[in-house]
Amino acid sequence: LRTARWLAPRTSAVLGIGALSRAGHRRAAAHPCASRASSNEDNSSDKPPDKPQETSTMSSTMIRTPNGMMAEDDILALFDQVGFKPPPGASTEQALLVLMQEVQRQAEEERAGKRRARGRTAELPTPPTAAAAAAVLQSEFGAAVEPIHPCGCEIKGVDIASMGGQLPPKLAGAVEVLMAEHGFALFRGQGTPQNESNVAGTYLSAEQQCALSECFGAGALHSTHGVHPEAPCRDVFRLSNHPDHGFNSVGPEWHNDGSFCRDVFGHVVYHIVKAPSGAGDTEFAHLGNAFDQLGADVQARLRRCASVNSNSGAVHPMAHNHPVSGRPSLYLHLGMTGAILEKLSGGGGEGGSGSLGGGGGGGGGEAAKSTAGADPRFGDGSTPADLPKPVVGGPVAQAPDLRAWRPADMEQFFCAYSELLDSPEVRYSHSWREGDVVVVDNLAVAHKAAPGAHTMDAGLRILHRTTVLSSLGTFDPPPELGMPVELPTTGKCPFEEGAGWFEGYVGFRWGAWDSRATPH
């Protein structure tokens, strides 16, 4: 058998799609299992699989698989394709079961024994400032830094492939500081000629990209994603505008990766394997710049708020000081926020009478009232007096100062937040070129797929993503807010009637969702 990272996804894919080459059918005709079909095989009386299948005309025998009925010749061709020799005397159906058990065993072994974490190696410059980092790059590595407006920077003079992806500790530390300040680091023209999954081009191998990823954060990959059949390894999340080559319809709203984890990803590496000729950008928004666009009262209010992830219940602050740069920044996933919690200011007051998007009285934020430079879409920073309270006896009843936003409040804020991140003072749209590598600080920038990234209008687009374990621990609300660190939305809403409380993908619940993407 071939390695698990090849065998498992491809065997599963064939069983799901049920299509092999005609040459494979011909090779399977004389397979030793062909005359030992199981006596419990069925044919046309069974419901066909959900997905269309190409069925061999050389055999009328059908075999039951986990995804429905499949022609025996297709299964025998699969055996040949992956180098599987059935046990002596086994029927095709029995042999298939043995193969699937082996696939499962190898996959479990790979998960249990996945890449051994290298551990943190990055050495930050002293002091940890962008100027000091740029000096280290120039003096010790002959590299240069070119800022990108309004966020990001390009690092020139670094050949990642020649290092096998393993940046020297001082180089990695300097890049980390630059990302904390600028949001992301762009490396152009990276890689060598490759042909992974039959995609020819100049790019980093999966091993090189994984090694590069381990240079940052905790020095370990944090791979929580699904594995596409064409992914070169377990740790690469493969995205494409063609479903045969990668997962599609992913990330149409502004978001930060890993928001379903308490310890959100520290850094993320995006590497283009196949660049489209036109539309297909990835957009980045600097969350420190975004915070600066808000009035002081709105900033103060958001420091008392937290989002609840709609898939896991992980609770994260909506405003925080970046752990490296110290810069006040926003944080919100517009596709996976099932609820928003707010702590009343003043230790138990009922807040003001205003709404999120309009002027209202009272409210008493932490900062003195000053709407100079405020964005009217976010209101004046006051807290509506009638936000739903915790239910008596519920999981947050011990925090009577907590409130939950209503669905209308959430939608209004989501739309305003999206428009804010779309503004030219905040957003940069990256047009991919062959060999591009973008490494992001996941707490400094948000990102989304631009219109056109999910369609084939500009040709095939394949993007490899790897995610890095944070060295900073959990990303919980500050203890003084008295908020839970997890509050699963699968359970009953712990707030009074009228609270916003949603489970699963929520991108289609706000704004003109159909202009962004099809719901997942």
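Below, a trainee and a mentor go through burial, backbone geometry and sheet packing in a predicted model.

Mentor: Ground rules come before the questions. Residues are numbered from 1 along each chain as its sequence is written, and side-chain values use heavy atoms, with hydrogens and water left out. This is a predicted model, where local features need pLDDT of at least 70, side-chain atom pairs count only at pLDDT 80 or more, and totals for chains, interfaces and linings use all residues.

Trainee: Why is Ser197 called buried?

Mentor: Buried means under 20% relative accessible area, exposed over 50%, and partly exposed in between, with a 1.4 Å probe and protein chains only. Ser197 has 19% relative accessibility, so Ser197 counts as buried.

Trainee: What makes Asn198 exposed?

Mentor: Asn198 has 71% relative accessibility, so Asn198 counts as exposed.

Trainee: Where is Ser197 found, and what is notable about its phi?

Mentor: Ser197 is in the loop between strand S6 (192-194) and strand S7 (201-203). Strands (E, at least two residues) and helices (H or I, at least four) are DSSP runs, numbered from the N terminus. Phi of Ser197 is near 55 degrees, a positive value in a residue other than glycine. Asn198 is found in the loop between S6 and S7, with a positive phi near 60 degrees. Most residues other than glycine have a negative phi, and most peptide bonds are trans.

Trainee: Which peptide bond before Pro127 is cis or trans?

Mentor: The bond joining Thr126 and Pro127 is cis, with omega about -5 degrees. Pro127 is in the loop between helix H4 (92-112) and helix H5 (130-141). A cis bond joins His149 and Pro150, with omega about 0 degrees. Pro150 is in the loop between strand S3 (144-147) and strand S4 (153-156).

Trainee: How do you know that S5 and S18 pair?

Mentor: Two strands pair if DSSP finds at least two bridges between them. Four bridges join S5 (residues 184-187) to S18 (residues 437-441), and these strands run antiparallel. Phe187 stands opposite Val437 in S18.

Trainee: What makes S3 and S8 edge strands?

Mentor: Seven strands form an open sheet of mixed pairing, in the order S3-S4-S5-S18-S9-S20-S8. S3 and S8 (237-240) each pair on one side only, and are the edge strands. The twist averages 25 degrees from one strand to the next.

Trainee: Which strands does helix H6 lie across?

Mentor: Helix H6 (residues 169-182) lies across S3, S4, S5, S9 (267-274) and S18. Contact means heavy atoms within 4.5 Å. H6 runs at about 120 degrees to S5. Axes are lines fitted to C-alpha atoms, for helices over the stretch in contact, and angles run from 0 to 180 degrees between N-to-C directions.
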